[in-house]
Amino acid sequence: MKKLAFVILAVGLITSCSKDEPNHAGSTTSPTEVKQLDYITKIVELDKTSRRPNAEMNFVYDNQKRLVSFTETLPFTRPVQTYEGTLTYTANEVLLRYNKNKYQANLVKPSEYRLKLNAKGKAIELEEKHFFNTGTDDIDEDDYVYDRDGHVTSYDSPVYNSVALTWLNGNLMKSVFESGSTVTVNHEYNTYENRTYPDLNLFLYGLSASPVWKYLWSDQLGLRSKNLLSGTKRESSSPAIENYVYTFDSKGRPSEIEVVRTDGYSTILLITYAEN
């Protein structure tokens with residue numbers, strides 16, 4: 001299993017650090033912000049060849065259309081494993097608790113992901129905590145720098161010495177991660193507007209050595225691109241190319257995405273929305 005299994009199994013390998021406020025607060029609106037979002041309630045990943053499900057995610061919203069919980073189910077496990085995430089909100093932070101400890105014996109309670117926001121609703125820090133029976137791992141990403149359109153252009157990573165993000169016409173075109181060696185990811189887009197929440201672009205291809213949950217917070221993190229991804233190309237010691245083929249429903253929303261990878265393994269995402 002590929003993308004969703006990684007979501008379940010990945011644990012941070014990084015150490016904590018702390019920084020001050022970001023250099024730029026970022027604007028409260030930007031050309032890439034979408035007034036009307038398409039809220040996703042379910043994503044099912046299938047193996048393309050067998051059409052067997054690899055994983056299923058379900059999303060629940062409150063009456064303010066805020067995500068309040070989600071589940072991830074792995075139907076191939078025996079017994080079948082289901083993980084839960086819950087989100088709570090205050091004026092200046094979002095807290096995600098994810099019960100990875102349910103099936104991982106060396107974790108004593110749910111992991112926490114705390115997104116801290118400035119007065120304009122932009123991220124200033126993303127803190128990640130894993131509570132092991134030997135102690136707590138505290139991982140910190142911060143010092144976000146935003147351009148005048150509210151896109152993040154760099155941040156302090158606990159893994160990389162530097163992160164540089166390049167934007168053009170409202171889309172993230174290149175991500176460069178440096179730490180001894182360099183990882184460069186080039187992004188290509190189609191002409192369809194990205195109105196999805198959670199953000200399908202980041203769900204399909206997240207940022208290197210970052211919490212996978214960034215797809216829940218693309219607007220706060222300044223990571224929402226204007227258009228939908230059509231492909232990614234990673235240049236590194238382990239290069240890879242992915243292409244994305246979309247099927248749209250009658251309202252112009254992605255209802256099926258075929259993910260084609262250079263390793264020859266293809267998957268299908270089936271997507272259901274809150275408003276049919």
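What follows is a chat between a student and a tutor about a predicted model.

Student: Let's start with the overall make-up. How many helices and strands are there in the chain?
Tutor: The chain has 276 residues, and 48% of them count as buried. As for its secondary structure, the count is 2 helices and 17 strands.

Student: Okay, on to Ser-111. Is Ser-111 buried or exposed?
Tutor: Ser-111 is found in strand β6, which covers residues 111–117. Beyond its sequence neighbours, Ser-111 is in contact with Leu-96, Arg-97, Tyr-98, Lys-100, Lys-129, His-130 and Phe-131. The cut-off for buried is under 20% relative accessible area. Ser-111 has a value of 0%, so the call is buried.

Student: Lys-129 is in that contact list. What separation do the C-alpha atoms of Ser-111 and Lys-129 have?
Tutor: Along the chain, Ser-111 and Lys-129 are 18 residues apart. In space, their C-alpha atoms are separated by 5.7 Å.

Student: In which sense do β6 and β7 pair?
Tutor: Take one bridge to begin with: Arg-114 has Glu-127 in β7 as its partner. The hairpin of β6 and β7 has 5 residues between the strands, and Gly-121 there takes a positive phi near 80°. Over 6 bridges, the pairing of β6 and β7 is antiparallel.

Student: And on the other side of the hairpin story, which residue in β8 is the bridge partner of Phe-131?
Tutor: β7 and β8 (residues 135–146) pair in the antiparallel sense over 8 bridges. A hairpin of 2 residues joins β7 to β8. In β8, the partner of Phe-131 is Thr-136.

Student: How many of the 10 residues of strand β7 are buried?
Tutor: Strand β7 spans residues 123–132 and is largely enclosed by the rest of the structure. That follows because the buried count, out of 10, is 9.

Student: Now some charges. Which residue forms a salt bridge with Lys-102?
Tutor: Side chains of opposite charge can pair when their charged atoms come close. For Lys-102, the closest N and O atoms of the pair are 3.4 Å apart. Lys-102 lies in the loop between β5 and β6 and its partner in strand β4, so the pair ties together parts that are 18 residues apart in sequence. That partner is Glu-84.

Student: Which residue's side chain meets Glu-112 in a salt bridge?
Tutor: The N to O distance for this pair is 3.5 Å. Glu-112 lies in strand β6 and its partner in strand β5, so the pair ties together parts that are 15 residues apart in sequence. Glu-112 is buried at 13% relative accessibility, whereas the partner is partly exposed at 35%. The partner is Arg-97.

Student: What about Asp-249 and Arg-253: what is their N to O distance?
Tutor: Asp-249 counts as partly exposed at 23% relative accessibility, while Arg-253 is buried at 7%. Their side chains meet in a salt bridge, with N to O at 2.8 Å.

Student: Last one: the side chain of Asn-201 reaches the backbone nitrogen of which residue?
Tutor: Asn-201 lies in helix α2, residues 200–204, and is buried at 5% relative accessibility. Among the residues Asn-201 touches are Tyr-189, Ser-225 and Tyr-246. At 2.9 Å, its side chain reaches the backbone nitrogen of Leu-229.

Notes
Residues are numbered from 1 along each chain as its sequence is written. This is a predicted model: local features need pLDDT of at least 70, side-chain atom pairs count only at pLDDT 80 or more; totals for chains, interfaces and linings use all residues. Side-chain values use heavy atoms; hydrogens and water are left out. Helices (H or I, at least four residues) and strands (E, at least two) are DSSP runs, numbered from the N terminus. Buried means under 20% relative accessible area, exposed over 50%, partly exposed in between (1.4 Å probe, protein chains only). Contact means heavy atoms within 4.5 Å. Two strands pair if DSSP finds at least two bridges between them. A polar contact is a pair of N or O atoms within 3.5 Å; within protein, one must be able to donate a hydrogen and the other to accept it, and residues adjacent in sequence count only if both atoms are side-chain atoms. A salt bridge is a side-chain nitrogen of Lys or Arg within 4 Å of a carboxyl oxygen of Asp or Glu. Lists of a residue's contacts leave out its neighbours within four places in sequence.
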